[in-house]
Each structure stands twice: as structure tokens, then as C-alpha cells.
Amino acid sequence: MQPMIIILKEGTDSSQGKSQILSNISACQAVAEAIRTTLGPRGMDKLIVDNRGKPTISNDGATILKLLEIVHPAARTLVDIAKSQDAEVGDGTTSVVLLTAEILKNTKTFIEDGMHSTIIIRAIRKATALTIKKIKEIAVNIKSNDAEEHRALLEKCACTTLSSKLIARQRDFFAKMVVDAVLMLDELLPLNMIGIKKVTGGSLEDSRLIAGVAFKKTFSYAGFEMQRKKYLKPIIALLNIELELKAERDNAEIRLDNVDEYQKIVDAEWSILYNKLEKLYKAGVKVVLSKLPIGDVATQYFADREMFCAGRVQEDDLKRTQKACGGTIITTVENLHEQSQHVFGTCDILEEVQIGSERYNFFTGCPKAQTATMILRGGAEQFIDEVERSLHDAIMIVRRAVKNDSIVAGGGAIEMALSRTLRDYSRTIPGKEQLIIAAYAKAFEVIPRQLCENAGFDATNILNKLRQKHFENHIWFGVDIIHEDVHDNFTAAVWEPAVVKINAITAASEAACLILSVDETIKVPKSSAEPSNAAKAMNMT
Amino acid sequence: MIFVYLTYRNIRQTIVLAEQQTDRQMIYLDSSVNCKYIFTSDFIFTKQTIEMALRVPKAPGFASMMKEGSKYTHGLEEAVYRNIGACKELCETTTSSFGPNGLNKMVINHIEKLFVTNDAASILREIDVVHPAAKILMLASDMQEKEIGDGTNYVILFGSKLLENAESLLRMGLSPSEITDGFNLALKKTLELLPTFEIKVNLTKENLRDNEPIVSKVLQTAIGSKLFGYHEFLGDLVTKACLTVTGSDSTSSFNVDNIRICKILGGGLFQSTMVPGMVLKREVESEITKVNQARIAVFSCPIDIQVTETKGTVLLKSADELLAFAKDEETSIETQIKALADAGINVIVSGGKVGEMALHFLNKYKIMAVRLQSKFDLRRVAKTIDAVVLPKLRAPTHGEIGACDSIFVDEIGDTHVIVFKHAKSRIATLILRGSTDQILDDCERAVDDAVNNFKALTRDTILLPGGGATEIELASKLSEYARTCPGIEQYAIQRYAETFEYIPKILAENSGVKSTEILAKLYVGHHDNPNLGFLIGQAKSETTQSNDITYETGDVKLSELYDLYITKKWAVLFATKAACTVLSVDEIICAKPAGGPKQKENKGWDNDD
């Protein structure tokens with residue numbers, strides 16, 4: 001009798017074979033099930049309480065999956081693709097997960113029937129290539145010659161994204177805001193140059209976009225209230241200097257041998273500070289912003305001279321101010337004059353405004369204005385957080401649309417068109433691939449189907465209508481959420497950038513292939529477990 | 001007669017497994033004479049071993065001589081068969097990941113990191129093999145990884161199949177030594193035969209650059225076994241990268257480290273690109289984000305006011321000194337930066353912090369500042385731009401200044417990267433895109449293998465037919481050879497020849513094709529064409545309306561499926577040696593594991609990366 005041989009560490013878990021692929025697929029479906037209902041304009045939100053008791057309300061696929069802290073190795077792949085979609089295009093995270101799960105679900109039967117998974121993988125890759133080609137073929141280029149028209153197009157893209165979010169009802173309002181904000185940026189469209197500030201209270205419509213910078217009033221010392229609250233065309237200095245009495249250097253030491261000298265030293269310390277202040281004043285600066293604290297002596301000094309100051313400004317706010325108003329962040333007040341042209345910034349109006357219970361400094365009418373700030377208002381904190389996430393998605397979509405100007409119709413229209421193309425193609429090829437490509441084609445239908453289900457429509461009915469329309473080559477017909485019917489979504493301006501779909505389909509297929517290609521999972525116990533023991537391994541006990 | 005007996009006893013090595021938690025290295029002790037040596041795969045005949053062998057009856061109650069808790073087994077049944085069994089078991093895991101149609105494994109290692117791969121070396125490294133015999137096989141594959149960097153699965157597969165065949169010989173009644181003798185003879189013959197199968201394509205170390213398509217084909221074979229379907233795209237990309245860094249004199253050594261990989265999540269694999277130069281996942285410190293025709297100074301020190309190492313106090317005597325202090329500091333750093341600007345520098349790369357004061361002046365003089373965390377990255381950047389790393393903040397001389405075509409910040413996905421693009425660079429970076437971390441990691445391993453293959457190519461350019469063609473040819477040639485051998489070794493040689501069949505057989509099995517049919521076809525075909533192999537074909541265009549995946553036997557030379565001679569040579573060598581080692585063990589002694597805390601493993605702390 002041969003005893004069993006253990007070659008791996010004790011506690012190592014290993015499962016393999018067909019059942020392994022099937023169980024991985026089931027795990028992925030379970031994950032998709034969790035976020036299925038969040039898709040589309042009638043999607044529901046999820047409330048998630050994390051391990052520290054912090055509640056989050058969201059219908060953003062990536063956010064939900066991140067918070068779920070999934071440990072199943074195969075299901076983790078889905079979290080990864082949602083993240084990747086978030087990174088690449090910012091929106092469509094739910095669709096990508098749903099699509100992956102659906103592809104897997106449809107191929108499951110083939111695995112059960114004993115088809116080799118490499119054949120399936122090959123067919124999926126081929127189908128993906130065809131799909132991408134088709135999208136590129138039918139995508140419509142929106143032209144950016146007419147600025148007015150271009151704007152309208154971008155707004156429609158933003159609208160489509162926002163319609164599936166919490167703020168769907170205010171989507172026109174926010175779409176305009178998002179497009180305005182994005183168009184203000186320079187050609188690189190840096191995301192961090194759009195600041196989003198959240199102030200609880202008020203209603204959503206009280207939110208506003210500042211063409212420039214706004215930040216919360218910083219901590220201030222006595223004398224601040226004496227300063228003026230509104231300046232016209234001020235010269236702005238951005239500092240990285242502490243305007244306070246302090247030691248010049250940590251390890252400096254002063255040794256004195258007479259009393260007169262002592263007073264001089266005290267005076268000198270004061271004069272160092274006053275020198276700095278005076279230099280700023282002499283240079284004609286009206287507004288002083290600093291990353292580091294501005295002490296009460298300095299605050300008082302500025303107040304006396306009709307100047308405005310704010311210390312401990314957040315670094316990204318300061319950087320945005322720099323982008324908007326020009327100038328540079330300076331670390332020394334020496335040599336202010338020789339290069340004064342570049343050192344200081346300016347703007348039309350600086351004013352302090354009360355928003356809710358907070359006071360904000362607004363810098364508007366900036367000459368460079370390559371930055372924008374959104375001030376969001378709303379009831380609960382979780383609510384504003386979700387609004388921020390939604391706007392982030394919309395901003396990303398608009399950025400993509402600006403960079404690549406080809407679009408497709410949303411609302412399940414593009415999916416139906418792709419599904420039909422693939423189905424037609426599959427009928428022309430012999431062999432097993434035909435079945436797999438047909439299954440892949442069917443997977444696309446999950447998007448319109450889920451849209452209907454979430455809206456409470458009869459999915460089968462709507463899908464039948466859609467298939468019929470698409471058969472007649474009305475490629476842009478999709479689900480009409482408002483009238484419980486089908487509709488040409490291209491004319492209805494339900495638009496999405498083509499790149500979003502391309503990325504979603506690529507990512508979904510790659511992930512599906514990855515999961516299908518795994519036939520064995522080996523789990524090594526955590527290293528804290530018993531140290532390895534060769535005798536046990538050879539089963540000699 | 002007595003001689004035969006002696007040789008049999010000679011290989012009775014007693015193993016003491018010093019696998020206490022501290023060191024994983026195996027020390028083989030000849031316990032009875034206390035002659036200690038680190039075991040090599042060949043036999044060592046020492047006077048002592050023969051003396052030992054003469055002591056025919058073993059000391060009574062062997063176990064009683066050992067510390068309590070140690071284990072001891074010996075003999076064919078107890079030790080040899082079980083060792084072979086363990087190796088077979090190990091091979092089970094990796095068999096299904098062999099070849100282009102091999103499946104992936106999901107491995108979760110001891111720190112809960114997830115790997116999805118079909119790279120045998122990675123799988124074995126992560127699953128923590130503890131069985132000593134299985135470990136010998138694993139070490140052989142490890143050696144292959146170090147020597148060539150590819151063909152690790154080949155070693156495991158060949159080694160364990162060799163053992164499997166040896167097992168049946170043992171059951172027939174051959175002694176392990178006869179088998180190992182036969183295997184060694186067969187190995188010798190194999191190594192003689194291998195170079196004669198060469199496919200001549202006029203590839204030499206000197207003309208690699210002119211033969212880009214052939215090089216690309218070779219690398220595609222390597223990538224094809226990991227990421228089939230992407231192999232053509234990636235193969236071309238890697239070839240381009242490798243040839244970029246090789247420079248005009250291909251004779252100079254090729255360093256694998258010169259091909260950098262930058263993995264960025266998002267997009268699809270087909271969006272991967274190659275950049276001559278470096279790509280770093282960082283942002284620049286300064287306000288300037290794009291410089292063309294850069295002149296670069298590289299410093300390993302922080303760009304800041306110099307601080308004394310010795311603890312010191314600045315002693316001030318009067319108020320004037322106090323007033324002047326800050327000003328002097330500022331002027332001092334300004335002069336330093338100004339000196340750099342005067343030398344024509346418009347980019348500085350630093351290995352340390354860039355102080356705020358320094359940054360201020362850098363912005364003033366319109367110099368871009370890049371900070372690198374890793375000293376290895378610093379070294380690579382210096383190599384890319386051909387600059388000298390300066391340990392102290394000073395203006396570099398003409399020869400120490402690096403040049404770069406353009407340096408800029410780019411956004412890929414949502415990751416900001418700094419790109420050092422330099423056409424004449426000796427370093428090339430592959431930017432890999434993919435939708436999950438696992439795909440990216442797997443892709444990185446495939447690229448690594450391909451780059452290693454290129455390195456092997458720079459050492460030796462003999463190409464062999466791939467797709468199992470070489471193996472079938474070897475199998476038939478070796479069995480002919482076996483028939484000419486007079487001794488009992490001929491059985492072993494015969495088995496050795498048969499083992500080669502497994503390679504095309506497993507290739508076929510993993511593709512879901514009847515392996516026996518393929519084998520028969522291959523044997524028949526090899527009478528006329530030694531380059532006949534198992535082909536996994538793909539039709540050229542997407543629009544062909546036929547089933548575009550074919551599994552057939554065909555001439556691998558026509559379809560340009562090449563393997564490297566050097567890879568195959570080492571793989572066969574390592575596998576045979578490992579198999580012989582496992583066979584030559586007939587006794588296993590496990591010492592009682594020592595208590596005490598696990599020693600911290602501090603491996604790789606000074607590795608690159």
C-alpha cells in the first residue's frame with residue numbers, strides 16, 4: 001500500500017480541473033449580482049457600512065466593489081477590471097463587471113459540456129477584435145469646428161453619464177457645470193485642476209462653479225476681521241514662508257557678553273519679520289497667501305495696510321490659485337523686484353463669501369484661469385460624497401470626449417448593434433467557434449436587459465422590439481427609459497464616448513479569458529502557520 | 001561479483017536532511033563515517049564510502065543511534081518509489097500549463113498575494129514545495145531559470161517523466177545505478193545529437209540586427225507559450241526593444257536589465273508600446289513639465305542646503321550676524337543653482353529630496369527637477385542619458401552632462417509618468433497595459449522570458465526546430481543508438497528516448513487533440529522530414545471564414561517555429577542530472593526539527609528593484 005504523498009506545505013489548499021473553472025465563474029456571478037441593480041438611470045443605490053462603521057451610499061460599481069473587500073481570488077479579478085475602467089475612462093464600471101460575468105455565464109455551459117477552455121478563449125479574443133472593429137466603424141465623429149455645437153455635444157455626453165446617477169434629476173444643471181469646468185483647463189486636462197468643495201446645507205441647485213479658485217477661509221489670527229473682504233484687481237503673492245517670529249535655524253545658538261547686545265538681538269528678530277512684511281508691502285502686494293502659518297503680528301501688520309492675508313492654505317488650493325492667477329510660489333522675499341513680473345499673480349475680484357455656515361475666499365476673473373472650482377451643496381454628507389463621485393465620472397467622460405471625439409449611442413443601443421453583428425458573423429463560420437461567438441454576442445444583451453429590469457419593464461418584450469429594430473438596420477435603437485419603449489437613442493442624444501465602450505469590452509474580455517484560463521488554484525497557508533516540516537511532508541509519522 | 005555488489009552499495013548514500021527551519025539547503029551526510037560533503041549530482045567514490053559499503057550488516061537498531069523524533073526510511077519500496085511518486089505529483093501541477101495551450105494556475109502564496117500564471121518557475125516558487133525529492137527537481141528548474149530564464153517547465157516535465165520511466169525499469173529489476181549509467185550515456189549522446197538538428201537561417205551574433213523577422217519569430221515562440229494570441233504583437237515589441245538597446249556592435253554583452261517594464265493598469269494589451277529610454281511612474285517636482293533637447297545633471301545627493309554630518313551649532317555673536325544669516329543661506333543656494341543654469345543645464349535628476357528653497361530657484365532659472373526614490377532607477381536614468389552621477393551639488397563638467405531628446409510628463413490611464421525619450425538610449429522601456437494586475441504580471445513574466453531568450457540568442461544563435469520536432473527526432477535517433485549498446489544500459493537509453501515523446505504528446509493533449517494519433521503521424525513523417533512538428537496554427541486574416549485554428553503536424557521550418565539550442569541543451573542536462581540524483585537516493589533520514597524561532601530570511605535585500 002502506498003501512502004499518500006504530500007509535497008506541499010501542510011494546510012495548502014489545492015483545487016483543480018473543470019469544477020475549479022466552474023466555481024470561479026460562479027464566484028464572479030455572485031459579485032456581479034451584488035451590483036447588478038445599480039446599472040442605468042433607474043438603478044438603485046447601495047448603502048455600505050465599512051469595518052470602521054462609516055456608511056457610504058453609492059451606485060458607482062468601482063466604489064462598491066472596492067468597499068466590499070472581496071477575497072475570492074477569481075472574483076478579485078472583477079474588482080481589478082472595475083478599477084482599471086475607473087482609471088482609464090472613469091465611468092462604465094458597473095457595465096464592465098456585468099459584461100464579464102455575463103460572458104462567463106454564457107460560456108459556462110460549454111465548459112460543462114467538456115469543451116476545452118483554450119478554444120473558448122481563442123474565440124472570445126477573436127470576437128473582441130471584431131467588436132472593437134465594429135465600434136470604430138459605426139462610431140460617429142463629432143466635429144469640434146463650431147465651439148457652440150461642440151459644447152452642446154459634450155453636454156449630452158455628460159448628461160448620459162449623469163442620468164444614471166443620484167443627481168439624474170439635476171443632470172442638465174450639472175452637465176453644463178462639468179463641461180464648463182473641463183473646457184477651462186489647458187490642453188493636458190489635468191484632473192487635479194478642478195477642485196471640488198463640499199458644503200453641507202442648501203439644495204443641489206445652490207451648487208456653483210467658480211471660474212477660478214475658491215477655498216475655505218483659513219485659520220486666522222486677531223486682526224483678520226479688520227481686513228477688507230473685497231478687493232478689485234489685487235496683486236497676489238503666493239508664499240511658502242512662515243510669517244511669524246521664529247528661530248532662523250534650529251541649531252543656531254547665540255552667545256552674548258553684554259546687556260546692550262541682548263536688546264539688539266531681540267530687535268533683530270523683530271526686524272527680520274518686519275523686513276519680510278515690508279518687502280511685500282513695498283512691492284505693492286495686496287493679497288498674501290501662504291502655505292505656512294501667518295502669525296498675529298503679520299496679520300495685524302497687513303490689516304493696518306489694507307492688505308489681505310490667509311495662512312495655512314492647502315497645497316493643492318495654492319497650486320490651483322497659481323494656475324488661475326499666475327505668478328509663482330515663492331520661498332524667499334528677497335529679489336522681489338527684479339522679476340516682479342513673474343512672481344505675482346492677479347485676478348479681477350477677490351471676495352469673501354458666506355456659503356452655508358462656511359466662509360469662502362473666491363478668486364474670480366483670473367487672467368490665466370486654467371482651473372475651476374465646484375462648490376457642491378446638498379443635504380447629507382453621504383449624499384454630497386456621492387454627488388462628488390458622480391461628477392468625477394462625468395468629468396472623466398467629458399475629458400475623454402474632448403480628447404477622442406467619436407461617440408456612440410448609449411442606453412443599450414450600441415450593445416444591441418454589436419450583438420447583432422456578432423450573431424450574423426457567427427452564422428458564417430463553421431465549428432465550435434460559432435457557438436461561442438453567438439454566446440458572446442448574447443452576453444452584450446445583458447446591458448439593455450438590466451436597464452429594463454431595473455426600470456421595472458418587461459425585459460423580454462423590449463428586447464424583442466430592439467432585436468426587430470436592429471434587424472432592420474436601425475443601429476441606434478435602444479431602451480427608452482421614460483416611455484417604456486424603444487427609441488433611436490442617437491437622436492434622443494443619449495451619447496457615450498466610443499472609447500468608453502472599447503475599453504469596457506476589452507477589459508471585460510481580457511478578464512473573462514483570464515478566469516477561463518485558470519484550471520487550478522493553489523493556496524499556500526499564511527506564513528505565520530507552522531514551520532515546514534520535512535518529516536510530516538513525507539508522511540512518515 | 002563483489003565489484004557489482006560494491007557499486008551498488010556505493011550509491012547508498014544516507015541523507016540527513018538538515019532541513020531545520022533555519023537553512024533550506026540540503027546537506028548530505030555520510031553518517032557512518034562522518035565524511036561530509038555537499039552533494040552533487042554525480043557520484044563521488046571515496047575510500048570511505050567503499051569502506052562503509054563493506055560493512056554489510058548495518059548497525060543494529062539504527063534508529064536508536066539517532067535523537068528521538070528523527071525519521072528514517074530506506075530501500076526501494078520505502079524511499080525510491082516514494083520519491084519518484086512525489087516528483088510525479090509535482091509534475092501533475094505543471095503539465096497542464098505547458099505549451100501555447102497550457103492553462104493558467106491561480107496561486108495564492110504565503111503572504112496572500114494572488115498570481116495567475118502558467119510560468120512553471122513562478123508557480124513552483126510560490127507554492128512552497130517541501131518534499132526533498134520534489135525539491136531537487138524544483139532546484140533543477142530553478143537553475144534553468146538562472147542559466148537561461150526560459151524552459152523551466154520543460155525541466156520539470158522531462159525530469160519527472162524520466163523518473164516515471166525509471167520506476168518501471170526498477171520494478172523490472174534493474175538497479176538504480178544501471179539506470180543512471182544508461183541515462184548519462186543517453187544524455188551524452190543527446191548533447192552530441194542536438195546541434196546536428198540545427199535549422200540554418202544564417203543568423204549569427206553579429207547580424208541579429210539585420211534579421212529582425214527571425215529574431216522576432218524566436219521570441220514569439222517564447223511568448224506564445226505564455227500568452228498565445230498576443231505573441232505576435234508582443235514578440236515584435238520585445239524584438240524592437242532588444243534591438244534598440246543592443247547598439248551597433250552586437251558583440252558587446254546584452255544586459256537583461258536594460259529592458260525595463262512599466263506596468264500601467266487600464267486599457268488593453270494591444271495598447272502596449274515601447275519607448276527608447278526610461279518611463280518612471282512619478283511626477284516632476286518643478287513647475288516645468290516638458291523639456292526638449294534636455295541637458296541633464298544627475299545628482300545622488302539631495303538638492304538642498306548642505307548640512308554637516310557632524311553635529312554642530314551655529315554660533316552667533318551679534319545681531320548683525322543674525323540678520324545676515326538667512327540671507328547668506330539663500331544666496332549660497334542661489335549661486336549653486338545659477339552655476340548649474342550657466343552650465344546650460346535645464347533638467348536635474350536627484351536621488352534625494354529637493355529642498356523648497358532650491359526648488360524655488362530651480363523654477364526661477366527654468367530648470368526641471370525630477371526626484372527618484374530608487375538608487376537603481378537613478379543609475380538607469382544616468383545610463384539612458386549617458387550622464388555621470390555626481391555625489392555633490394556642483395556644476396558638472398561637459399563630459400558629465402547627459403543629453404536626452406525630450407523629457408515630459410504624460411498621463412497614461414490615470415497614472416502620471418515621466419518619460420525620458422532618447423533615440424540613442426541603451427535602455428528601452430516597454431509600457432504594458434492590461435485590465436488587471438494579474439494580466440500585467442503574467443505579461444511581464446512572458447516579456448522577461450522573451451528578453452532572456454534574446455540574451456541566450458546573443459550567446460549562441462543555433463536554432464532548433466520547435467513544436468516537438470526536435471524531440472521526436474531525438475527519440476528515434478536515441479532508440480537506434482540504444483540498440484547498438486551491448487550492456488544492460490540499453491534499456492535505460494531506450495526509456496530515455498521514449499521520454500522525449502512526452503513533449504509533443506503533452507503539447508497535443510493540452511490542445512485537446514488525440515496525442516497518440518499525432519505521435520504516430522510524427523514518427524512516420526520523420527522518416528522524410530526531420531523538421532516535422534506539432535503545429536498550432538492560426539490563419540492570417542480575421543475575415544477568413546474557416547475555422548482558423550488548426551492543430552496539425554507540419555513542417556516547423558516553414559511556419560518558422562524555432563527553439564533555441566542553448567535552452568534545450570541546459571534543460572535536458574538539468575533534468576537528467578536531477579532525475580539521476582533522485583534515483584541515487586535510497587535512504588532518507590530526517591532529523592528532528594529544532595525548536596526556536598524562525599530565522600528571518602533576508603534574501604534579496606540588495607537586489608536591483
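Two strands count as paired if DSSP finds at least two bridges between them. With that in hand, let's walk through part of this predicted model.

In chain A, strand β15 (residues 349-355) and strand β16 (residues 358-364) run antiparallel and are joined by seven bridges. One of the residues involved is F363(A) of β16(A), whose bridge partner is L350(A).

These two strands belong to an open sheet of four strands in chain A, ordered β7-β16-β15-β8 and paired in antiparallel fashion. At the edges sit β7 (212-216) and β8 (230-232) of chain A, each of which pairs on one side only. From one strand to the next, the twist averages 25°. Helix α10 (residues 315-325) of chain A packs on this sheet, where it touches β7 and β16 of chain A. The direction of α10 makes about 155° with that of β7(A).

The loop leading from β12 (308-310) to α10 of chain A holds R312(A), a residue worth a look for its backbone. Most residues other than glycine have a negative phi. R312(A) has a positive phi of about 50° although it is not a glycine. A493(A), also not a glycine, has a positive phi near 60°. Here are the two side by side:

| Residue | Phi | Loop in chain A | Relative accessibility |
|---|---|---|---|
| R312(A) | about 50° | between β12 (308-310) and α10 | 44% |
| A493(A) | near 60° | between β20 (485-488) and β21 (495-497) | 17% |

Is each of these residues buried or partly exposed? Buried means under 20% relative accessible area, so A493(A), at 17%, counts as buried. R312(A), at 44%, counts as partly exposed.

Notes
Residues are numbered from 1 along each chain as its sequence is written. Chains are lettered from A and ligands numbered from 1 in the order in which they are written. This is a predicted model: local features need pLDDT of at least 70, side-chain atom pairs count only at pLDDT 80 or more; totals for chains, interfaces and linings use all residues. Side-chain values use heavy atoms; hydrogens and water are left out. Axes are lines fitted to C-alpha atoms, for helices over the stretch in contact, and angles run from 0 to 180 degrees between N-to-C directions. Contact means heavy atoms within 4.5 Å. Buried means under 20% relative accessible area, exposed over 50%, partly exposed in between (1.4 Å probe, protein chains only).
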